[in-house]
Amino acid sequence: MTVVEITLPAGDETLRLRASGAAAAAGLAALGKLLGCTALPPEGMRPDAELREPEAEPESGEKQSPETLFAMRSHRVLWDDGIPVLCRRPRLLYEERHRPVEWRILLALAAARAAADGRHIALLHGALLGEPFPGTVLFGASGIGKSTTMKRYRAAGGDGSADDQILLGQQGGVPVVRPLPSWKTFRNDPAMCTVPLVPLSRLLCLDQAERTEAESIRALERQTFQLRLFNAFLEHVSYTLRTLPNPERRNAAETICATVQRLSRQFEPRVLAARLDGDIMKTLTSCY
């Protein structure tokens, strides 16, 4: 099987990812297995088909599919009918470390495409807490302390399933989230990738408390909350949005803005001002 596709659901919407070539297809199939998604040949495509870059520019008005997005020393990425396709370069020695790289590239491209199409499915940079506060999402800038806060939460007896990428969707108008594997998760604990879809129960902006203040959850100015949430949606897709034409980039930005507006109406804008010496369970209990 040379071309495979996995479908990653998030409520009423899905992301479709493809890989072409035996090595790349095997890698995507393995990732699909971790996430409970079966890798199958795309509908209407022969199992032995293989996508190749066009050797020449098409004539004016002629459809260009697949279309080369960008090429690297080890991989190239194509669009095929709006679906990102990863192709590993021939004679590339396969290494396990390639899998998270391939996954993140495909996922970011698929999320950018979904935003450009106005679909209710998005990639969010954040941490997703499990029991005893399931469905709680902490979002914030890189380096603000999401992974550290997740470690504190686990040390206090909580379950944590993602501290980097979260897939956000809607199910009957209700926001739902599912964890996605981080770089470390792939290598250290693949079982964490299989946590199922859960309703989004709390949405907290993460920040660091001042030296003189205790850890707390407090109200945050709505505009600041929205700006930080918008940046959290852009974190993993900003570089892939550049592969889209300008009109589609604008569509994607408008879709993300609409998602931010909707979530800021559904959830009270709050910030978790965290401290390393704080009692994270007590702090979270204060907002439940």
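The legends below describe an overview and close-up views of a predicted model.

**Figure 1. Overview of the protein chain, with eight helices and 14 strands.** The protein chain has 288 residues, and 50% of them count as buried. Contacts between residues at least 6 apart in sequence were considered, and 68% of these join residues at least 24 apart. The exposed surface of the protein chain comes to about 14,100 Å², with carbon and sulfur atoms supplying 50% of it.

**Figure 2. Surroundings of H125 in strand β6.** Strand β6 covers residues 121-129. H125 has a relative accessible area of 6%, and it therefore falls under the 20% limit and is buried. Two polar contacts of the H125 side chain are shown. One is with the side chain of K146, at 3.3 Å. In the other, the H125 side chain reaches the backbone oxygen of D164 at 3.2 Å. Not counting residues up to four places away in sequence, H125 touches F139, G140, S142, K146, D164, A232, E235 and H236.

**Figure 3. Strand β7 and its pairing with β6 and β12.** Strand β7 spans residues 136-139. T136 and L138 point one way from the strand, V137 and F139 point the other way, and all are buried. This fits the general pattern, in which side chains of a regular strand alternate between the two faces of the sheet. β6 and β7 run antiparallel and are joined by four bridges; G126 stands opposite F139 in β7. These two strands form a hairpin with six residues between them, and G135 in the turn has a positive phi of about 80°. Strand β12 (residues 202-208) runs parallel to β7, and four bridges join the two. The bridge partner of F139 in β12 is C205.

**Figure 4. The largest nonpolar core, with 59 residues.** W103, L229 and F233 touch the most other members of this core. Helix α2 (residues 98-116) supplies the largest share, eleven residues. Apart from this core lies another, of 16 residues, which includes F133, L204, A274 and C287. Leaving aside neighbours within four places in sequence, L229 is in contact with L124, F139, L203, V260 and L263.

**Figure 5. The tilted aromatic pair of F133 and Y153.** A search of the whole structure finds two aromatic pairs. In the pair of F133 and Y153, the rings lie 6.5 Å apart, centre to centre, with 45° between the planes. The pair links distant parts of the chain: F133 is in the loop between β6 and β7, and Y153 is in helix α3 (residues 146-155), 20 residues apart. F133 has a relative accessibility of 8% and so counts as buried. Y153 also counts as buried, because its relative accessibility is 1%.

**Figure 6. The edge-to-face aromatic pair of F139 and F225.** The ring centres of F139 and F225 are 5.4 Å apart, and the angle between the planes is 80°. This angle is over 60 degrees, so the pair counts as edge-to-face. F139 belongs to strand β7 and F225 to helix α5 (residues 222-234); the pair links distant parts of the chain, 86 residues apart. Both F139 and F225 are buried. F139 also appears in earlier views: H125 touches F139, and L229 is in contact with F139.

Terms used:
Residues are numbered from 1 along each chain as its sequence is written. This is a predicted model: local features need pLDDT of at least 70, side-chain atom pairs count only at pLDDT 80 or more; totals for chains, interfaces and linings use all residues. Side-chain values use heavy atoms; hydrogens and water are left out. Buried means under 20% relative accessible area, exposed over 50%, partly exposed in between (1.4 Å probe, protein chains only). Contact means heavy atoms within 4.5 Å. Accessible areas come from the Shrake-Rupley method with a 1.4 Å probe; for residues, only the protein chains shown count as cover. A polar contact is a pair of N or O atoms within 3.5 Å; within protein, one must be able to donate a hydrogen and the other to accept it, and residues adjacent in sequence count only if both atoms are side-chain atoms. A nonpolar core is a set of buried Ala, Val, Leu, Ile, Met, Phe, Trp, Tyr and Cys residues joined through side-chain atoms within 4.5 Å. Two strands pair if DSSP finds at least two bridges between them. Rings of Phe, Tyr and Trp (its six-membered ring) pair if their centres lie within 6.5 Å; planes under 30 degrees apart count as stacked, over 60 as edge-to-face and the rest as tilted.
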